[in-house]
Amino acid sequence: MKRFATHDGSGLRTTVFLKGCPLRCVWCQNPEGLEPEPAPVYFPNKCIGCGACLKTSINGGVTAEKSGIRIHRNRKDNWEAIIYNCPAGAILMNARIYTVQELIKEILKDKVFYCRGGGGVTLSGGEPLVQADFAAELLKELKRLRIHTAMETSLSVPLEALKKVLPFLDQLYADMKVADAEEHTACTGASNGQICKNMEYLLRSAQRDMVIVRTPLIPYYTATRQNLAAIAEFLSGIFPEVSYELLNYNPLAEAKYRLVDKTYCFQENPGLYTRKQMQEFGSIVREHGIRNLIMEDEA
């Protein structure tokens, strides 16, 4: 959960990250959210070398290596006790299990901040629609409490899952990452066939005005003329007035990969695109049919 978020919808927001995702994007911004189950995370900069975790571990979940402490997050161990006994907070779980009412109780602590600028709650992930029933129940309760709701989704889910949440959403951010089917599979591990079907459903529906389609600009993967032109033509061909947002590359995600024992897609991490480069990307999609373009660099 992230409080006081300013980039996940209008106003000040509480962003709730639901774990689990059907995609494996090589540039994933939240790799800790890919797997559905909570898992331990080790922060070496907090470790004081006391050895309490080694003494508490009973199944080899924590071992001492030449480079220091190493955790084996896939091993079943008494993680609750290991975390409790760490005096420095160097080992934590990357998620908590909530009921809807427990989560609502946490969210309501922030409600006072929602009154200005259309703030509210955004569900993100992972892919929140992996937990579609839970998401729908949570959103329904938020609407009962008159809290603005939003969701960020890859749309890589069955249409039935999407339909469960639509009645309870005020804003939907839907990703369109890669237009070419083969390239999409290579980059994300899954076809974009269902994504395209869900996108067409949304942009032909009565709720299409609440949809903002986003493309994260990833060097060499999504941020190419060919890809952006194809996405723009696909979207504008369905709904000429579609709202479309280009998201600048986020180089900060790289640091998360060390914490989850995964390899990032770039050996040398690129930087943010410049204002001029963003404007060039904007020109490409406008040339191919996009009328309502959103770019932070143009704000």
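# Salt bridges, cores and backbone outliers

Colleague: Is R204 buried, partly exposed or exposed?
Modeller: This is a predicted model, and the accessibility is computed from it. R204 has a relative accessibility of 52%. The cut-off for the top class is over 50%, so R204 counts as exposed.

Colleague: Which side chain meets R204 in a salt bridge?
Modeller: Side chains of opposite charge can pair when their charged atoms come close. The N to O distance here is 3.1 Å. That lies within the 4 Å cut-off, so the pair counts. The partner is partly exposed, at 33% relative accessibility. The salt-bridge partner of R204 is E200.

Colleague: How many residues apart in sequence are the parts that R214 and E152 tie together?
Modeller: The two side chains form a salt bridge at 3.0 Å, N to O. R214 sits in strand β10, residues 211–216, and E152 in strand β8, residues 148–153. The pair therefore links parts whose separation in sequence is 62 residues.

Colleague: Are R214 and E152 buried or exposed?
Modeller: The cut-off for the lowest class is under 20%. R214 has a relative accessible area of 8%. E152 has 16%. So R214 is buried, and E152 is also buried.

Colleague: Which helices does the salt bridge between R225 and E287 tie together?
Modeller: The side chains meet at 3.6 Å, N to O. E287 is exposed, at 54% relative accessibility. R225 lies within residues 225–238 and E287 within residues 275–287, so the pair joins helix α8 and helix α10.

Colleague: Which residues are joined into one network by salt bridges that share partners?
Modeller: The structure holds 16 salt bridges. Shared partners link some of them into a network. Its members are R3, E106, K109 and D110.

Colleague: What is the area of the nonpolar surface patch made by F4, L12, V112 and F113?
Modeller: V112 lies in the loop between α3 (100–107) and β7 (120–124). V112 is exposed, with a relative accessible area of 58%. F4 is partly exposed, at 45%. The patch these two make with L12 and F113 covers about 350 Å².

Colleague: How many disulfides are there?
Modeller: A bond needs two cysteine sulfur atoms within 2.5 Å. For C47, which is partly exposed at 29%, the nearest cysteine sulfur is that of C53, 6.2 Å away. For C196, buried at 19%, the closest is in C25 at 14 Å, too far for a bond. The disulfide count is 0.

Colleague: Which residues does C25 touch, not counting those up to four places away in sequence?
Modeller: C25 is in the loop between β2 (13–17) and β3 (40–42). C25 is buried, at 12% relative accessibility. Its C-alpha is 7.0 Å from that of G189, a residue 164 places away in sequence. With the stated exclusion, C25 touches K177, C187, T188 and Y257.

Colleague: Which helix gives the most to the largest nonpolar core?
Modeller: That core has 73 residues. Among the members that touch the most others are L138, M151 and Y244. A single helix, residues 132–144, supplies 7 residues to the core. The helix that gives the most is α4.

Colleague: Which charged residue is among those that Y244 touches?
Modeller: Residues up to four places away in sequence are not counted. The contacts of Y244 include V213, L228, L235 and I290. One of the other contacts also pairs with E152 in a salt bridge. It is R214.

Colleague: How many residues are in the second, separate core?
Modeller: This core includes I82, C86, A90 and I91. Its full count is 11 residues.

Colleague: What is omega for the cis peptide bond that joins G125 and G126?
Modeller: Most peptide bonds are trans. G126 is in the loop between β7 and α4. The bond between G125 and G126 is cis, with omega about 15°.

Colleague: What is phi for F4, and what is phi for D261?
Modeller: Most residues other than glycine have a negative phi. F4, in strand β1 (residues 2–5), has a positive phi. D261 lies in the loop between α9 (254–259) and α10 and is exposed, at 53%. Phi is near 60° for F4 and about 55° for D261.

Notes: Residues are numbered from 1 along each chain as its sequence is written. This is a predicted model: local features need pLDDT of at least 70, side-chain atom pairs count only at pLDDT 80 or more; totals for chains, interfaces and linings use all residues. Side-chain values use heavy atoms; hydrogens and water are left out. Helices (H or I, at least four residues) and strands (E, at least two) are DSSP runs, numbered from the N terminus. Buried means under 20% relative accessible area, exposed over 50%, partly exposed in between (1.4 Å probe, protein chains only). Patches are made of residues with over 30% relative accessible area and no salt bridge: like charges are joined within 9 Å, nonpolar side chains (Val, Leu, Ile, Met, Phe, Trp, Tyr) within 5 Å. Accessible areas come from the Shrake-Rupley method with a 1.4 Å probe; for residues, only the protein chains shown count as cover. A nonpolar core is a set of buried Ala, Val, Leu, Ile, Met, Phe, Trp, Tyr and Cys residues joined through side-chain atoms within 4.5 Å. Contact means heavy atoms within 4.5 Å.
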